[in-house]
Amino acid sequence: PAAARAAQRLYGARSGLVAALVLNLRADLDADVRDRFAQSGLVHILTISGFHVGLIVAWLVLLARAAGAHRWTALAIGATIATVYVAWLGWPAPATRAAALAWLLALGYRRQRHVQADALLAASCLVVMLVDPRSVVSLGPWLSAAALWGATRLTRWSDRRIGPGYWARTLFASIG
């Protein structure tokens, strides 16, 4: 694709790593670099995940709010750009779930609904299955969804039992 050629032109020998991190293209990644990521236990960083998309949405919302946008507008901007990015990547399931989650959250805010975390996650997983029915037999998206569910579930538990302190939330989100 044109973006991969632009990465090659701009980053030269490092273009394979840039293409993997930004474009979800790992074909041109040097085997030695891939092996070093695998040996360090960080190979999952080379895949565009829901976390990556969530960070993009968060930064876009933050920038839009800093520019004076209303909260709904900022959420819609973040969700729209994330959706375009995920479509451009070819709808990888974890990234699709994150974009769907951003839209569902934005729409819930717009309609003044109190959104339940578990229902939001379940609805975003349903969107993934509608976009790509083959994702049902792929382990990655569901491990990602389970990790998000565990983190949110244990954070809510620790908020009730211990209190919403920074360290408790961080610890129990990590355990989850």
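**Figure 1. Around Ile-162, in the loop between α8 and α9.** In this predicted model, Ile-162 touches Trp-157, Ala-168 and Phe-172, leaving out residues up to four places away in sequence. The loop that holds Ile-162 runs between α8 and α9, and α9 covers residues 166–175. For a sense of scale, look across to Thr-47: its C-alpha atom is separated from that of Ile-162 by 35 Å, and the two residues are 115 apart along the chain.

**Figure 2. Tyr-166 and Trp-167, an edge-to-face pair.** The structure holds three aromatic pairs, and this view picks out one of them, formed by Tyr-166 and Trp-167. The ring centres are 4.9 Å from each other, with 80 degrees between the planes. An angle over 60 degrees counts as edge-to-face, so that is the label for this pair. Are these two residues buried or exposed? Both Tyr-166 and Trp-167 turn out to be exposed.

**Figure 3. The whole protein, for orientation.** Step back for a moment before the next close-ups. The protein has nine helices and zero strands, so to speak an α-α-α-α-α-α-α-α-α pattern when you read along the sequence. Its C-alpha trace spans about 50 × 35 × 35 Å along the principal axes. Of the 176 residues, 34% are buried. Take the contacts between residues at least 6 apart in sequence: 49% of them join residues at least 24 apart.

**Figure 4. Helices α5 and α6 packed against each other.** Here α5 (residues 71–89) meets α6 (residues 93–110), with the axes 9 Å apart and an angle of about 160 degrees between them. Angles over 145 degrees count as roughly antiparallel, and that is why α5 and α6 are described this way. The crossing of α5 past α6 is left-handed. On the α5 side, the residues in contact include Trp-72, Leu-75, Ala-79 and Val-86. On the α6 side, look for Ala-99, Trp-103, Leu-107 and Tyr-109, among others. Sorted by class, the residues of this contact come to 13 nonpolar, three polar and two charged.

**Figure 5. Helix α4 against α5.** Now turn to α4 (residues 50–66), whose axis comes within 8 Å of the α5 axis and crosses there at roughly 145 degrees. What is the handedness of the crossing of α4 and α5? That crossing is right-handed. From α4, the contact includes Val-53, Ile-56, Leu-60 and Ala-64. Their partners in α5 include Ala-74, Ile-77, Ile-81 and Tyr-85. The residues of this contact divide into 13 nonpolar, one polar and two charged.

**Figure 6. Helix α4 against α6.** The same α4 also packs with α6: the two axes come within 7 Å and cross at roughly 35 degrees. Once more α4 makes a right-handed crossing, this time past α6. Gly-50, Val-53, Gly-54 and Val-57 are the α4 residues in the contact. Facing them in α6 are Pro-94, Ala-95, Arg-97, Ala-98, Ala-99 and Ala-102. By class, the contact has seven nonpolar, two polar and one charged residues.

**Figure 7. Ser-135 and Pro-141, two residues in contact.** Find Ser-135 in the loop between α7 (117–131) and α8 (139–161). With 2% relative accessibility, Ser-135 counts as buried. Setting aside neighbours within four places in sequence, Ser-135 contacts Ala-93, Val-128, Met-129, Pro-141 and Trp-142. Pro-141 sits in helix α8 and counts as buried too, at 7% relative accessibility. With the same kind of neighbours left aside, Pro-141 is in contact with Ala-93, Pro-94 and Ser-135. Arg-65 is elsewhere in the fold: its C-alpha atom is separated from that of Pro-141 by 30 Å, with their positions 76 residues apart along the chain.

**Figure 8. Two loop residues with positive phi, Trp-91 and Gln-112.** Most residues other than glycine have a negative phi. Trp-91 is not a glycine, yet has a positive phi of about 60 degrees. Look for Trp-91 in the loop between α5 and α6, where it is partly exposed, with a relative accessible area of 34%. Gln-112 also has a positive phi, about 55 degrees, without being a glycine. This residue lies in the loop between α6 and α7. Gln-112 is exposed, at a relative accessible area of 73%.

Terms used. Residues are numbered from 1 along each chain as its sequence is written. This is a predicted model: local features need pLDDT of at least 70, side-chain atom pairs count only at pLDDT 80 or more; totals for chains, interfaces and linings use all residues. Side-chain values use heavy atoms; hydrogens and water are left out. Axes are lines fitted to C-alpha atoms, for helices over the stretch in contact, and angles run from 0 to 180 degrees between N-to-C directions. Helices (H or I, at least four residues) and strands (E, at least two) are DSSP runs, numbered from the N terminus. Angles under 35 degrees count as roughly parallel, over 145 as roughly antiparallel, 65 to 115 as roughly perpendicular and the rest as oblique. A crossing is left-handed if the near helix is turned anticlockwise from the far one by less than a right angle, and right-handed if clockwise. Contact means heavy atoms within 4.5 Å. Ala, Val, Leu, Ile, Met, Phe, Trp, Tyr, Cys and Pro count as nonpolar, Asp, Glu, Lys and Arg as charged, and the others, Gly among them, as polar. Rings of Phe, Tyr and Trp (its six-membered ring) pair if their centres lie within 6.5 Å; planes under 30 degrees apart count as stacked, over 60 as edge-to-face and the rest as tilted. Buried means under 20% relative accessible area, exposed over 50%, partly exposed in between (1.4 Å probe, protein chains only).
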